[in-house]
Amino acid sequence: MKSLAELRAIREKMKKQMDVRESGDDAIRVVVGMATCGIAAGARPVMTAFLDEIDKRGLTNVTVTQTGCIGVCRLEPIVEVYVPGEEKVTYVKMKPEMVPTVVEQHLVNHNVVTDYTIGAAE
Amino acid sequence: MSHIRCHIMVCTGTGCTSSESPKIIDALEKELRKAGMDQEVRVVKTGCFGLCAIGPIVMIFPEGACYSRVTVDDVPEIVNEHIVKGRIVQRLLHMEGEEGDTVTSLTETQFYKHQYRIALRNCGVINPESIDEYIGANGYMALERILTEQTPPQEIIDCLKKSGLRGRGGAGFSTGMKWQFTYDAPSEDGVKYVACNADEGDPGAFMDRSVLEGDPFSVIEAMTIAGYAVGAHQGYIYIRAEYPIAVKRLEIAIGQAREYGLLGDNILGSGFAFDLELRLGAGAFVCGEETALMTSIEGHRGEPRPRPPFPAVKGLFGKPTLLNNVETYANITWILNNGWEKFAAIGTEKSKGTKVFALGGKITNTGLVEVPMGTTLRTIIEDIGGGIPNGKKFKAAQTGGPSGGCIPASLIDTPIDYDSLTAIGSMMGSGGLIVMDEDNCMVDIAKFFLEFCVDESCGKCSPCRIGTKRLYDLLTKITEGKGTLEDLDTIEELCYHLKASALCALGQSAPNPVLSTLKYFREEYVAHVVEKRCPAGVCRALLHYEIDSAKCRGCTLCARNCPVNAITGVLKGAHVIDQDKCIKCGLCQSNCRFDAIVRK
């Protein structure tokens, strides 16, 4: 037996989970390089950190996907962020601890975290 | 729990289930565990996407990639390429039209572009076995609002009346009016019932099945609202036992709704009580007729009774009963959530909203489609359906099953709505749409549907019991080349008698396929009668096979395969068919490598 409040809570929770099925063109895409080089450099924890952080903040309209080798293996783990209408941003040598900053600054507030980008590393 | 980054939707409708989609689900889950990704990727069982012709269908989000004809062997590649490396498996994408013209997402296809999904809004989108997913897709919002605000029943009924929704079971009676009559009908002890007609019996129709398999909760919620609106506390869903998946999903759904307190006493603390029971039909076509359906629910033999009294006044167990079809119910919460104005803006003047059709027969995209009322037959067949396969010519479309009629190619631009279809001698029916090409004999088609009615006639009234049989005998006579022109007149006369005097819709509409083919394809009937010839080459008694001696190379293949040894000839010499022995099975023609055998 569910109360009205519980029913509404389920609706909110499920809406967030099912948001991924609305493949809208306006979604922000986070792409993690997960080829052998990426995985060896620790891309996997970075990716789960993104998933956890997005879940924690209840962000919708963000998709996280994987990709193969981006070609700059020495800078792995590499994460690319595509915000619709803006230029792609490439973060390099990512660590799980850096993820909350990128999510808060870039995904939520739309400020690129320049310190972590490929430009800063070069 | 972390964010699920990817949902893999696998169709588990009847079509895809029979092409082994449950095994694909098992394989996907196994591969995902192997890749260590079962925590971030979710495999979701879902309802029909509509593309039954190219199932099993697997859709992967967030990309929205639509894979068709997936097999268990494809699963490792899907997981390793798409899920792990983010690369879409091009070879499994749905192909459309030209070679190499692949379409990634389903919504980009011609098949989907012309569609508008209301009744099917959740089919292929949610897991039909999870009430949480239904709630997440705005489910139970309408019921929640009505119960918390204690919306006056009249307001709900007025909303439906203004929406212009008409019964999707075939007859097209105003749904709002039906609710009004049941609401107004007095009941001595205050007992009223709500019932759902899920006894979908037309050959080739599977709209209601797909709704129940893909989104059972929308029907349950709508029936609960109906109970509130007309003052009923008990509902029945009458469903065919031949729909095992739909029955199972309904049972699961009713169980979950009860567990959540969305069925039963004191729903959402409002004091309103409503519960549902399933009643399985044994598959008699006549039980889709409303009075027979209710007689069957009561536990008696499914036979119709005269109307009036209509069910709204005296229905189940003698009480006022609201009886709607599955698809009608599936529209209700959408209308209540989106407003009647939005619904009434779709469709034509007298037919509002959308209609689901089960496309079948000689059509490329066999499947399930939902289009706005007023869409032309041409759009449905050529654009959505992908046209007729093998370069054949479109000849006619049959709507409404055994109660409907044939629409000839000359009327392909007819807008599909209740009134236009009735005007040309067909009917909307429940939504079966069977496409026929030049290889279909119209007399044979009429005979096929009539045979169905002869079998399914319950026998209670003599016009139907005897009339359909006599009509069938006359049509058989014609297909055997023994008919006369007088027979055609007798057929027509008998049709009108049957229409006028049969007790229920089964008998009254049984002549429709005959009358409409007689009207639009009379020359085919005449060819059978006068020239003793079947123009489409279907009626066996009227055709024979011959070997073209100029083309025959004497390979002996036909002679060796003939089941009755009717073909004789020497090696490398032209062969001959003995017409007296030939049973016209056509095996020789399909075996011949030199096109030497012709059917005349």
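Q: Leaving aside neighbours within four places in sequence, which residues is Ala195(B) in contact with?
A: A contact here means C-beta atoms within 7 Å. This model is predicted. In it, Ala195(B) touches Gly235(B), Tyr236(B) and Tyr238(B). Ala195(B) is also in contact with Met294(B), Ile297(B) and Leu316(B). Thr321(B), Leu322(B) and Leu323(B) complete the list.

Q: Which residues touch the most other members of the largest nonpolar core?
A: A core is a set of buried residues of certain nonpolar types, joined through C-beta atoms. The largest one here has 209 residues. Ala195(B) is among those that touch the most other members, together with Ile8(B), Val219(B) and Ile225(B). Helix α10 of chain B, residues 216-230, gives the largest share of this core, 10 residues.

Q: How many residues are in the second, separate core?
A: That core has 12 residues. Ala566(B), Ile567(B), Ile577(B) and Ala596(B) are included.

Q: How do I read burial in a helix, and how many residues of α21 of chain B are buried?
A: Count the C-beta atoms around each residue: 20 or more others within 10 Å make it buried. In helix α21 of chain B, residues 512-520, 8 of the 9 residues are buried, so this helix is largely enclosed by the rest of the structure. They are Asn512(B), Pro513(B), Val514(B), Leu515(B), Ser516(B), Thr517(B), Leu518(B) and Tyr520(B).

Q: What covers the buried residues of α21(B)?
A: The cover includes strand β14 (405-408) of chain B. It also includes helices α17 (442-456), α18 (462-479), α19 (485-501), α20 (505-509) and α22 (522-531) of chain B.

Q: Now the whole chain. How many helices and strands are there in chain B?
A: Chain B has 24 helices and 19 strands. Its radius of gyration is 27 Å, close to the 25 Å that the globule rule gives for 600 residues, so chain B is as compact as a globular protein of that length. Along the principal axes, its C-alpha atoms fill a box of roughly 85 × 65 × 40 Å. Of its 600 residues, 53% count as buried.

Q: Which domains does the assignment give for chain B?
A: The assignment gives domain 1 (6-106), domain 2 (131-342), domain 3 (354-437), domain 4 (442-531) and domain 5 (544-599).

Q: How many residues does the contact take from domain 1 and from domain 2 of chain B?
A: The contact takes 6 residues from domain 1 of chain B and 6 residues from domain 2 of chain B. On the domain 1 side, 1 is nonpolar, 5 are polar and none is charged. The centres of these two domains of chain B are 34 Å apart, taken over C-alpha atoms.

Key:
Residues numbered from 1 in each chain as written. Chains lettered and ligands numbered in written order. Predicted model: local features only at pLDDT ≥ 70, side-chain atom pairs only at ≥ 80, totals over all residues. Domains from an automatic or database assignment. Contact = placed C-beta atoms within 7 Å. Nonpolar A, V, L, I, M, F, W, Y, C, P; charged D, E, K, R; others polar. Helix = DSSP H or I, 4+ residues; strand = E, 2+ residues; numbered from the N terminus. Rg over C-alpha atoms; globule rule 2.2 N^0.38 Å. Core = buried A, V, L, I, M, F, W, Y, C linked by C-beta atoms within 7 Å.
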